[in-house]
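Here's a quick walk through one protein model, from the sheet outwards to the helices that lean on it. Have a look at the structure first, then read on.

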Amino acid sequence: MNDNRFEYEYEVDLKDLCVSMLRKWRQILIAMVIGAVLLGAVRVVINLNSEPEVVVTVNEDQTETEETVPVSVTNKLATFIVLGAVCGAFVVCAYAFLRYCFDKTIHLEEDLSRYTGLQVLASVDFTPEEEGHKKNVIDRLLDRLAGINYEADCSLDTQCAIAAAKIQLLSSTKSILVTGTVNKKVIRKIGVNLRKLLPEEEYEVVMGENPMINPEEIIRLNDYELVLVEAPHATKVKELLSLNSFLKLGQVKVLGIVSTAGWSQN
């Protein structure tokens, strides 16, 4: 398990990295404008404070005439503006790159299965678009580049219905504990929906915090089959792997994971 954690923390998915950096396009544009304005202003100040240029002209009678020529304010101004824009974009991209590389959370939904050996029961999308706010063209293109399928219904109700159907096929005790390492609000959101969808007379559905940080939850683990709620870019690798190892050692049955993409932005 330690080897897996080490491998994950130092593994960089190039496609996901590029998409993460491109998602900062608003900040990149703002930084480019700020950089262009700042360096452009610096160049104007330098030009205004420069001494006028003295040009010596040799006349036909071999006499020399000195003429003072003011320094052009636009001299190399365009170069400084472009340089400022490039520097602004570089700063934002460098920040996004470092933040991605030092991020200790699960980056991809596929990694939830890869590093725990558990199946993903459903994928709920908590992004603002679910609440009626349309994404712009650029964000939708980036979503498609990231592999997000807009043809699939990732709403809370639909995905919880899918998860409930799978739970009925996998469960044997009919007692379900919904828990995980993410915020207890999203755990409750998923748990309440599963409770509504599963037959009330057959299934008992309860919600609980991460058993690793709440000792009271550990006592009742063996009385339930677990459904973990986790979120890419919110679930920490170390916490998830520790919880998964603990459950395996305790021989606790875990039915699968409900992925809650977008919850970290709420």
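Five strands make up an open sheet in the order β3-β7-β6-β4-β5, with parallel pairing. At the edges stand β3 and β5, each with a single partner strand, so one side of each is left without a neighbour in the sheet. On average, neighbouring strands here are turned by 20° against each other, direction ignored. Two strands are said to pair if DSSP finds at least two bridges between them. In general, strands of a sheet pair through backbone hydrogen bonds, parallel or antiparallel.

A word on where this comes from: the model is predicted, so local features need pLDDT of at least 70 and side-chain atom pairs count only at pLDDT 80 or more, while totals for chains, interfaces and linings use all residues. Residues are numbered from 1 along each chain as its sequence is written, and side-chain values use heavy atoms, with hydrogens and water left out.

Helices (H or I, at least four residues) and strands (E, at least two) are DSSP runs, numbered from the N terminus. By that count the protein has ten helices and seven strands. Of its 266 residues, 36% are buried, where buried means under 20% relative accessible area, exposed over 50% and partly exposed in between (1.4 Å probe, protein chains only). Contacts (heavy atoms within 4.5 Å) reach a long way along the chain: among those between residues at least 6 apart in sequence, 81% join residues at least 24 apart.

**Around β7**

Strand β7 is mostly covered, with seven of its eight residues buried. Five bridges join β3 to β7, and five bridges join β6 to β7; both pairs run parallel. On the β3 side, Ala122 stands opposite Val258 in β7. On the β6 side, Val227 has Gly256 of β7 as its bridge partner. Ala261, also in β7, is partly exposed, with a relative accessible area of 29%. Its C-alpha lies 6.9 Å from that of Ser123, although the two residues are 138 apart in sequence.

**Ser175 in β4**

Is Ser175 buried or exposed? Ser175 sits in strand β4 (residues 175-179) and is buried, at a relative accessible area of 14%. Leaving out residues up to four places away in sequence, Ser175 touches Glu204, Asp223, Tyr224 and Glu225.

**Two helices with a buried side**

Here are α8 and α10 next to each other. The expected span is 1.5 Å times one less than the number of residues.

| Helix | Residues in helix | End-to-end C-alpha distance | Expected span |
|---|---|---|---|
| α8 (residues 184-197) | 14 residues | 20 Å | 20 Å |
| α10 (residues 237-249) | 13 residues | 18 Å | 18 Å |

In α8, the buried residues are Val186, Ile187, Ile190, Gly191, Asn193 and Leu194. They cover an arc of only 165° around the axis, which puts them on the same side of α8. The arc is taken from the directions running from the helix axis to the C-beta atoms. Turned away from that buried side is a face carrying the exposed residues Lys184, Lys185, Arg188 and Lys196.

What do the buried residues of α8 pack against? Their partners are β3 (120-125), α7 (156-170), β4, β5 (204-207), β6 (225-230) and β7 (254-261). As a whole, α8 packs on the sheet, touching β3, β4, β5, β6 and β7, and its direction makes about 170° with that of β5. Axes are lines fitted to C-alpha atoms, for helices over the stretch in contact, and angles run from 0 to 180 degrees between N-to-C directions. At the start of α8, a side-chain oxygen of Asn183 comes within 2.7 Å of the backbone nitrogen of Lys185. That pair is a polar contact (N or O atoms within 3.5 Å; within protein, one able to donate a hydrogen and the other to accept it, with residues adjacent in sequence counting only if both atoms are side-chain atoms).

For α10, the buried residues are Val237, Leu240, Leu241, Leu243, Asn244 and Leu247. They cover an arc of only 160° around the axis, which puts them on the same side of α10. The face turned away from the buried side carries the exposed residues Lys238 and Leu249. Just after α10, Gln251 takes a positive phi of about 55°.

**Met21 in α2**

Back towards the start of the chain, Met21 belongs to helix α2 (residues 14-22). Met21 touches Ile28, Cys93, Ala96 and Phe97, not counting residues up to four places away in sequence. Met21 and Phe97 are 76 residues apart along the chain, with their C-alpha atoms separated by 6.8 Å.
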